[in-house]
Amino acid sequence: MAVATVAAALLAALGGTLWLAVRRFSGSRDQRMQGGGDQSLMHGKTVLITGANSGLGRATAAELLRLGARVIMGCRDLGRAEEAAGQLRQELGQAGGQGQEPDAAKGQLVVKELDLASLRSVRNFCQELLQEEPRLDVLINNAGIFQCPYMKTEDGFEMQFGVNHLGHFLLTNLLLGLLKSSAPSRIVVVSSKLYKYGDINFEDLNSEQNYNKSFSYSRSKLANILFTRELARRLEGTNVTVNVLHPGIVRTNLGRHIHIPLLARPLFNLVSWAFFKTPLEGAQTSIYLASSPEVEGVSGKYFGDCKEEELLPKAMDESVARKLWDISEVMVGILK
């Protein structure tokens, strides 16, 4: 009886795995088909992507390179960034077919050091970029940190709020002049559906009174949306657009700070393989907002799966968005 039960369980597990494999393959195939497009769509355009050495950022960089863009990778770890860039150059060279060397894409891919946990690093990065780059067509604020233990940035800010919001806030503001002179240009902000569980507590933005890593991440993602909407208002009439997106649940290393019990890992890996998006699938909305003619002139909107979605009222509160902007200017030193 026990043997029969075990056999039945194994058959059920095998059948379930096969079903998940079919589902996974079919879904990925559909996404890859959607990822195709005009190979010269982004020709002549310069795109800056933060956190482009892995996960969503790397997948976004790869697809925009294939569309003809010149991509600047802004990354904290130069070693990992150079390694990723080498792989991307090789992939792009191979995709080009016979007769094209892997190094042929070197002029289209630039690696620069950018640590969003350091306002000094952000300023140095922007100063160098403004000296070297005559134009910037697309800025993709992609980098982020997810549910880390309590720690602070170089400037004393809670890490998730400091990197996910304040670092990108300063970066965007310092590059606005170049984006305006390159218009029509676009800003793409990567947020998360988890914004729904966050609130902006102006009395404790630095989480010094109370820290919950999940809530703090959600707050930083809500801040991304409020920032986008306020920036869109300020950019009206400039021909620079800004939109925000959620990528869905994606298999990346963003969750490296989450502890999963050893015995639960096989089940978690199976579930994530079956139901989580691949980085390429998760990057589709970033690619769409950066390149598609369909969103030309669209600004201040929230997207998921390449479609506009509704926001909760707290993400559309204009007074909170303006107050957060004003306080952020002071926190990053734009205003004294």
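This is a short talk on how some helices and rings pack in one protein chain.

Okay, hi everyone. Before anything else, keep in mind that this is a predicted model. Let me start with the whole chain and then move to a few places in it.

The protein chain has ten helices and eight strands. How much of the chain is buried? Of its 336 residues, buried ones make up 49%. And if you take the contacts with a separation of 6 or more, 78% of them come from residues 24 or more positions apart. I'll show you some examples of that as we go.

Let's go to helix α5, residues 159–181, and its partner helix α6, residues 213–234. Their axes are 7 Å apart, and the packing angle is about 20°. Anything under 35 degrees counts as roughly parallel, so that is what we call α5 and α6. As for handedness, α5 passes α6 in a right-handed crossing.

Who is touching whom here? On the α5 side you have Gln-160, Phe-161, Asn-164, His-165, Phe-169, Thr-172 and Leu-176. Across from them, α6 brings in a list that includes Tyr-217, Ala-223, Phe-227 and Leu-231. Sorted by class, the residues in this contact are seven nonpolar, seven polar and two charged.

Now hang on to α5, since it also packs against another helix, α10. This time the angle is about 85° and the axes are 10 Å apart. With 65 to 115 degrees counting as roughly perpendicular, that makes α5 roughly perpendicular to α10. From α5, the residues in the contact are Phe-161, His-165, Leu-166, Phe-169, Leu-170 and Asn-173. They meet Leu-324, Trp-325, Ser-328, Glu-329, Met-331 and Val-332 in α10. Here the classes come out as eight nonpolar, three polar and one charged.

You may have caught Phe-169 on the α5 side with α6 and again with α10. That brings me to the rings.

How many aromatic pairs are there? The count comes to seven. Take Phe-146 and Tyr-217: they sit edge-to-face, 4.5 Å centre to centre, with 85° between the planes. In sequence these two are 71 residues apart, with Phe-146 in the loop between β4 (138–141) and α5, and Tyr-217 in helix α6. Buried or exposed? Phe-146 and Tyr-217 are both buried.

Another pair is Phe-169 with Trp-325, again edge-to-face, at 4.9 Å centre to centre and 75° between the planes. This one ties helix α5 to helix α10, residues 318–332, across 156 residues of chain. Phe-169 has a relative accessibility of 1%, so it counts as buried. Trp-325 is buried too, because its relative accessible area is 4%. And the pairing goes on: Phe-169, Phe-227 and Trp-325 are linked by ring pairs into a cluster. If you're turning the model on your screen, Phe-169 is on α5 and Trp-325 on α10, while Phe-227 is in α6.

Before we leave α5, have a look at Ser-181, which is also in this helix. Ser-181 has 56% relative accessibility, so this one counts as exposed. Its C-alpha is 9.1 Å from that of Pro-134, with the two positions 47 residues apart in sequence.

Last stop: helix α2, residues 55–66, and helix α9, residues 284–291. Their axes come within 9 Å and cross at roughly 45°, which makes α2 oblique to α9. The crossing is right-handed. The contact is made by Ala-59, Thr-60, Glu-63 and Leu-64 on α2, together with Ser-286, Ile-287, Ala-290 and Ser-291 on α9. By class, that's four nonpolar, three polar and one charged.

Two of those residues lead us to Leu-41, in the loop between α1 (2–34) and β1 (46–50). Leu-41 and Leu-64 are 23 residues apart in sequence, and their C-alpha atoms are 8.9 Å apart. What does Leu-41 touch, leaving aside its neighbours within four places in sequence? The contacts are Leu-67, Ser-291 and Pro-293. With a relative accessible area of 28%, Leu-41 is partly exposed.

So, to recap: α5 packs at about 20° against α6 and at about 85° against α10, and a ring cluster joins Phe-169, Phe-227 and Trp-325. Thanks, everyone.

Terms used: Residues numbered from 1 in each chain as written. Predicted model: local features only at pLDDT ≥ 70, side-chain atom pairs only at ≥ 80, totals over all residues. Heavy atoms only, no water. Axes fitted to C-alpha atoms, helices over the stretch in contact; angles between N-to-C directions. Helix = DSSP H or I, 4+ residues; strand = E, 2+ residues; numbered from the N terminus. Parallel < 35°, antiparallel > 145°, perpendicular 65-115°, else oblique. Left-handed = near helix turned anticlockwise from the far one by under 90°. Contact = heavy atoms within 4.5 Å. Nonpolar A, V, L, I, M, F, W, Y, C, P; charged D, E, K, R; others polar. Phe/Tyr/Trp six-rings, centres within 6.5 Å; stacked < 30°, edge-to-face > 60°. Buried < 20%, exposed > 50% of the residue type's maximum accessible area, 1.4 Å probe, protein only.
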